[in-house]
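Please open the model in a viewer with side chains available for display. The tour below proceeds by selections, each followed by what is to be found there.

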Amino acid sequence: MSAPMDITLEFSGGAELLFNKIKKHDVTLPSSLEKWTIKSLLVWMRDNMLTERPELFMQGETVRPGILVLVNDADWELVGELEYEIENKDKIIFISTLHGG
């Protein structure tokens, strides 16, 4: 069982508009029977943090194309994407590169 973890979530490029217009969230993830991964974090964020239009943030079980994800300032593709195991004090950033016209 994993202990509760404190992480920082940051949103920019318009992604913050889906999260109550707040760019930085300090979050405590609850204890879990399994290790927290980006995949489980996204589901938790959808259920607990998203304030509007989840289809603009998620597509299936991952983020929509056009949303960059950084884990501790590194592209999530370098750390295993959805399977990355979150650690205490991690900083995860979501940057939307999509802009309406």
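A residue is called buried when its relative accessible area is under 20%, exposed when that value is over 50%, and partly exposed in between. The model on display is predicted.

**First selection: Asp6 and Lys89**

Select Asp6, in strand β1 (residues 5-12). Its relative accessible area is 33%, which lies between the two limits, so Asp6 is partly exposed. Now add Lys89, whose side chain meets that of Asp6 in a salt bridge, with 4.0 Å from N to O. Lys89 is in the loop between β6 (74-75) and β7 (91-96), and the pair links distant parts of the chain, 83 residues apart. With a relative accessibility of 60%, Lys89 counts as exposed.

**Second selection: Glu85 and Lys35**

Remain in the loop between β6 and β7 and select Glu85 there. Which residue forms a salt bridge with Glu85? The partner is Lys35, and the closest N and O atoms of the two are 3.9 Å apart. Lys35 belongs to the loop between β2 and α1, so that distant parts of the chain are again linked, here across 50 residues. Glu85 is partly exposed at 42% relative accessibility, whereas Lys35 is exposed at 56%.

**Third selection: Ser32**

The loop that holds Lys35 is also the place of Ser32, between β2 (24-29) and α1 (38-48). Is Ser32 buried or exposed? Its relative accessible area is 19%; because this value is under 20%, Ser32 is buried. Display the backbone of Glu34 next: its oxygen lies 2.8 Å from a polar atom of the Ser32 side chain. Then select Met1 and Ser2, with which Ser32 is in contact when its neighbours within four places in sequence are left aside.

**Fourth selection: Lys39 and Glu61**

Continue to helix α1 and select Lys39. Lys39 forms a salt bridge with Glu61, the closest N and O atoms being 3.1 Å apart. Glu61 is found in the loop between β3 (58-59) and β4 (62-63), 22 residues from Lys39, and this pair too links distant parts of the chain. Lys39 has a relative accessible area of 31% and is partly exposed; Glu61, at 48%, likewise counts as partly exposed.

**Last view**

How many salt bridges does the count give? The count comes to seven, among them Lys89 with Asp6, Glu85 with Lys35 and Glu61 with Lys39.

Key: Residues numbered from 1 in each chain as written. Predicted model: local features only at pLDDT ≥ 70, side-chain atom pairs only at ≥ 80, totals over all residues. Heavy atoms only, no water. Helix = DSSP H or I, 4+ residues; strand = E, 2+ residues; numbered from the N terminus. Buried < 20%, exposed > 50% of the residue type's maximum accessible area, 1.4 Å probe, protein only. Polar contact = N/O pair within 3.5 Å; in protein donor to acceptor, adjacent residues only side chain to side chain. Contact = heavy atoms within 4.5 Å.
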